[in-house]
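Colleague: Could you take me closely through one part of this model, beginning with a single residue and its surroundings and then widening the view to the elements around it? I would like one connected account.

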Amino acid sequence: MKLGRISRSSPDGDQIRLVAVEPERERVIDLAQAYRIARQGTSASAAAARRLAAAYFPSSMAAAIAAGPAFLDAVQWAVDRAGDDASLPVDDVDWVAAVDSPVIRDGLTFPLHMQQFHEKVGGGLPNPQLFKTPGYFKGSTGVSYGHDQEVPYPGYSEFVDYELEIGLIVGAHGSNLTPDEAQERLFGLTIFNDFSARDVQGPEMGMGMGPQKCKDFAYGIGPWITTMDEIADFDALTGSVRVNGEEWTSTKAEGMIYTPAELLAYVSIGDVVQPGDLIGSGTLPNGSALEIDKKLRPGDVVELEISGVGVLRNRLSAEPVVAPWWPQPRPYPFGAEQPEETAR
């Protein structure tokens, strides 16, 4: 099953709607509309049908997932009974981020990417700790972009990069999970584009506080979520990147240090994972422009593809978006040698 979110016009303004996606039929099904139509067909009043549809299919994918198996049962019931009456051409809809995640975490789990990244930036070998415990950081949920949405090119960077990752979508609450328990809580997969400002990344990471402006300007999430029952073998998933229609790289999701279930289980230790949380797999080998000596420019169109999931396409804004303020360096009080400043 493939599930996404779109924006539809209404008399009260644009509304976010949950949809079932049928790429082979080139259509999406507005789930609340289908459920309402089907309920009225079982003699429910129009008002009651609307209330039930809104309960099962709110604008929040995370809230819908939190209903557990009842959500997917309702999806299948609505599609089977009224899918034709609530369908829209897939090319005519406006997508938003496939999930409104309560928390975004991004992992680092593919050794070949780590090795090639460090070779390019001259930072030595990857940290051995990454082979002892899974590494990840937390990103801003407020800069999530869906399929075909334009991504602002940050004016403080001259080296914006994409990162091809697989987004693991959490399906249920959990804490201190075992890998087996974590596997049961994996709801589905999406494509996760961890956009990065490379010229800002090095100086920021040198502060020892993790990514900040080098990451929290854009995360691409979509085009939709493919539920886990359609994923036969995670390691066999293949990926590719196209920029302005030209293929830049192809790759495969094999060789992770820790499995998706182990990554989710580790995140849950002493913490709580929630329905709709997104955990990035880490960049697939050759899944960034840095690794292949390329660089994105304003106006570029980036397409990331994962087999079994789909294609996530975003255009960078033609003009960099410049903030009205940027901090000025302060005097360094600990000696004559000042650390490298964060690039603007």
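Modeller: Asp194 counts as buried because its relative accessibility is 1%, which falls under the 20% cut-off; since the model is a predicted one, this is a computed value for a predicted position. Asp194 belongs to strand β11, and, once its neighbours within four places in sequence are set aside, Asp194 is in contact with Asp106, Phe137, Asp161, Tyr162, Glu163, Glu165, Lys215 and Tyr219.

One of those contacts, Glu165, leads into the neighbouring strand β10, residues 164-170. Strands β10 and β11 (residues 186-194) pair in the antiparallel sense over seven bridges, and within that pairing Ile166 stands opposite Ile191 of β11. Strand β10 also pairs with β16 (residues 278-280), again in the antiparallel sense, over three bridges, and here Gly167 stands opposite Gly280.

Seven of the seven residues of β10 are buried, so the strand is largely enclosed by the rest of the structure. In a regular strand the side chains alternate between the two faces of the sheet. In β10 both faces are covered, with Leu164, Ile166, Leu168 and Val170 buried on one side and Glu165, Gly167 and Ile169 buried on the other.

Another buried residue is Trp95, which counts as such because its relative accessibility is 6%, and which has its place in strand β5 (residues 94-95). Leaving aside neighbours within four places in sequence, Trp95 is in contact with Gly4, Arg5, Ile6, Val19, Val21, Val28, Val90, His147, Gln149, Pro223 and Trp224. Of these, Pro223 lies in strand β13 (residues 219-227) and is preceded by a cis peptide bond from Gly222, with omega near 5 degrees. Trp95 and Gly276 are 181 residues apart in sequence, and their C-alpha atoms are 17 Å apart in space.

The loop between β8 (144-145) and β9 (160-161) holds Asp148, whose phi is near 70 degrees, a positive value in a residue other than glycine. Asp148 is partly exposed, because its relative accessible area is 46%.

Turning to the helices, the buried residues of α1 pack against β1 (2-8), β2 (15-22), β3 (27-30), α2 and α4 (69-82). The buried residues of α1 are Leu31, Ala32, Gln33, Ala34, Tyr35 and Ala38, and at the start of the helix a side-chain oxygen of Asp30 reaches to within 3.3 Å of the backbone nitrogen of Ala32.

The axes of α1 (residues 31-40) and α2 (residues 46-56) come within 8 Å and cross at roughly 140 degrees, and the crossing is right-handed. From α1, Ala32, Tyr35, Arg36, Arg39 and Gln40 take part in the contact, meeting Ala46, Ala49, Arg50, Leu52, Ala53 and Tyr56 of α2; by class, the contact has seven nonpolar, one polar and three charged residues. An α-helix has 3.6 residues a turn, so residues three or four places apart point the same way.

Ser43 is found in the loop between α1 and α2, where it has a positive phi of about 80 degrees although it is not a glycine. Ser43 is exposed, because its relative accessible area is 71%, which lies over the 50% cut-off.

Terms used:
Residues are numbered from 1 along each chain as its sequence is written. Side-chain values use heavy atoms; hydrogens and water are left out. Axes are lines fitted to C-alpha atoms, for helices over the stretch in contact, and angles run from 0 to 180 degrees between N-to-C directions. Helices (H or I, at least four residues) and strands (E, at least two) are DSSP runs, numbered from the N terminus. A crossing is left-handed if the near helix is turned anticlockwise from the far one by less than a right angle, and right-handed if clockwise. Contact means heavy atoms within 4.5 Å. Ala, Val, Leu, Ile, Met, Phe, Trp, Tyr, Cys and Pro count as nonpolar, Asp, Glu, Lys and Arg as charged, and the others, Gly among them, as polar. Buried means under 20% relative accessible area, exposed over 50%, partly exposed in between (1.4 Å probe, protein chains only). Two strands pair if DSSP finds at least two bridges between them. A polar contact is a pair of N or O atoms within 3.5 Å; within protein, one must be able to donate a hydrogen and the other to accept it, and residues adjacent in sequence count only if both atoms are side-chain atoms.
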